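Here's a quick briefing to read with the model open beside you. Take it topic by topic, and find each residue as you go.

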Amino acid sequence: MNDQSLPQLPFEDPAQPAVAGLIATVKLFVTDPTTAFRRMSLTTEIFRPLIYGVLLAWVGEAVAYLFGLIFQVSIFGFLSQIGGMEEAIPAAFLGMGLGIFALIIAPVFIVIGIFIYSLIVHLFLMMVGGDQSGFGATFRVLCYSNTSQLAQVVPIAGGIIAFVWSLILGIIGLTEAHRTTTGKAVAAVLLPIVACCVCMAIFVMLAIAFGISADSWN
């Protein structure tokens, strides 16, 4: 464990029933994330943290899809009163079916996303000199940071809240798991976002410049 004086996380304790351990771990990360990350194991297999991260992320995806579906149905019902919506019914059912299919296969992409994001964050953590416990610690931290996806239950603003909460959990987790400074943890979490925004800005500027250049030749 990260702190030998503290008990294991309930979800990592084989003696705990799976569902009860899951609920207790969620409560702990919601109410006291610092203590939760201190209780996180750095030595046991990564299977349980991965299951936790995938499950919480999937629940968030499902809730977001449900809200989107309710919104679409509401809009469709409103427009159907105006008339002329019969031809849109097949497209609506097709979209619903695609959404359900996306939820079914979502765990595969969530696993891939966690691994890729963990690699990126850990690379930046190494660049700022904050890596003290290895990639496994970063991976576990980001798995448990998916607790933030529960914020998807908040209508409209749920996605934004989940994103910010995830960053906060990641910073707390990296600080505790790697026994590094908060500044280095902040840099490891935020620098990938900054780098992504810079790349997107460069891409947009190049696209605009290319468009202007193409128009000048016409």
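A helix here is a DSSP run of at least four residues, and helices are numbered from the N terminus. With that in hand, reading this chain from the N terminus gives α-α-α-α-α-α-α. That's seven helices and zero strands. Keep in mind that this is a predicted model.

**The whole chain**

- The chain has 218 residues, and buried ones make up 33% of them.
- Take the contacts between residues at least 6 apart in sequence: 72% of them join residues at least 24 apart.
- About 12400 Å² of the chain is exposed, and carbon and sulfur atoms supply 76% of that area.

**Aromatic rings**

- You can describe a pair of aromatic rings by the distance of the centres and the angle of the planes.
- There are seven aromatic pairs to look for in this structure.
- One of them joins Tyr52 and Tyr144, with 4.9 Å from centre to centre and 55° between the planes.
- Why does that pair count as tilted? The tilted label goes to planes that are neither under 30 degrees apart (stacked) nor over 60 (edge-to-face), so 55° lands in that group.
- Tyr52 sits in helix H3 (residues 47–82) and Tyr144 in helix H5 (residues 135–144), so this pair links distant parts of the chain, 92 residues apart.
- Are these two rings' residues buried or exposed? Tyr52 has a relative accessible area of 0% and is buried, and Tyr144 is buried at 0% too.
- Both tyrosines belong to a cluster that ring pairs build from Phe11, Phe29, Phe37, Tyr52 and Tyr144.
- Phe11 has a charged visitor: the charged end of Arg48 sits over its ring, 5.9 Å from the centre.

**Around Thr25**

- Thr25 belongs to helix H1 (residues 18–31).
- Its relative accessible area is 0%, so Thr25 counts as buried, the cut-off being under 20%.
- What does Thr25 touch, leaving aside neighbours within four places in sequence? The contacts are Leu9, Pro10, Phe11, Tyr52 and Tyr144.
- Phe11, Tyr52 and Tyr144 should ring a bell, as they're part of the ring cluster above.

**Helix H5**

- H5 is mostly covered, with eight of its ten residues buried.
- The buried ones are Ala137, Thr138, Phe139, Arg140, Val141, Leu142, Cys143 and Tyr144.

**The salt bridge**

- Side chains of opposite charge can pair when their charged atoms come close.
- The structure holds one salt bridge, and Arg38 and Glu176 are its partners, with their closest N and O atoms 2.9 Å apart.
- Arg38 is in helix H2 (residues 33–39) and Glu176 in helix H6 (residues 158–177), so the pair ties together parts 138 residues apart in sequence.
- How covered are the partners? Arg38 is partly exposed, with a relative accessible area of 35%, while Glu176 counts as buried at 16%.

**Around Leu174**

- Leu174 is another residue of helix H6, and it counts as buried at 0% relative accessibility.
- Beyond residues up to four places away in sequence, Leu174 touches Val121, Leu125, Thr138, Val141, Arg179, Thr180, Ala185, Ala188 and Val189.
- Leu174 and Val121 are 53 residues apart along the chain, and their C-alpha atoms are separated by 9.8 Å.
- Two of the partners of Leu174, Thr138 and Val141, are also among the buried residues of H5.

**A nonpolar patch on the surface**

- Which residues make the nonpolar surface patch of about 540 Å²? Look for Leu191, Val194, Val198, Ile202, Met205 and Leu206.
- Val194 is found in helix H7 (residues 182–217).
- At a relative accessible area of 45%, Val194 is partly exposed.

**Two positive phi angles**

- Ile156 isn't a glycine, yet it has a positive phi of about 70°.
- You'll find Ile156 in the loop between H5 and H6, where it's exposed with a relative accessible area of 90%.
- Arg179 is another non-glycine residue with a positive phi, near 50°.
- Arg179 lies in the loop between H6 and H7 and is exposed, at 59% relative accessible area.
- You've met Arg179 already, as one of the residues that Leu174 touches.

Methods. Residues numbered from 1 in each chain as written. Predicted model: local features only at pLDDT ≥ 70, side-chain atom pairs only at ≥ 80, totals over all residues. Heavy atoms only, no water. Phe/Tyr/Trp six-rings, centres within 6.5 Å; stacked < 30°, edge-to-face > 60°. Buried < 20%, exposed > 50% of the residue type's maximum accessible area, 1.4 Å probe, protein only. Lys NZ or Arg CZ within 6 Å of the ring centre and 35° of its normal. Contact = heavy atoms within 4.5 Å. Areas by Shrake-Rupley, 256 points an atom, 1.4 Å probe, with all protein chains shown as cover. Patch = residues over 30% accessible without salt bridge, like charges linked within 9 Å, V, L, I, M, F, W, Y side chains within 5 Å. Salt bridge = Lys/Arg side-chain N within 4 Å of Asp/Glu carboxyl O.
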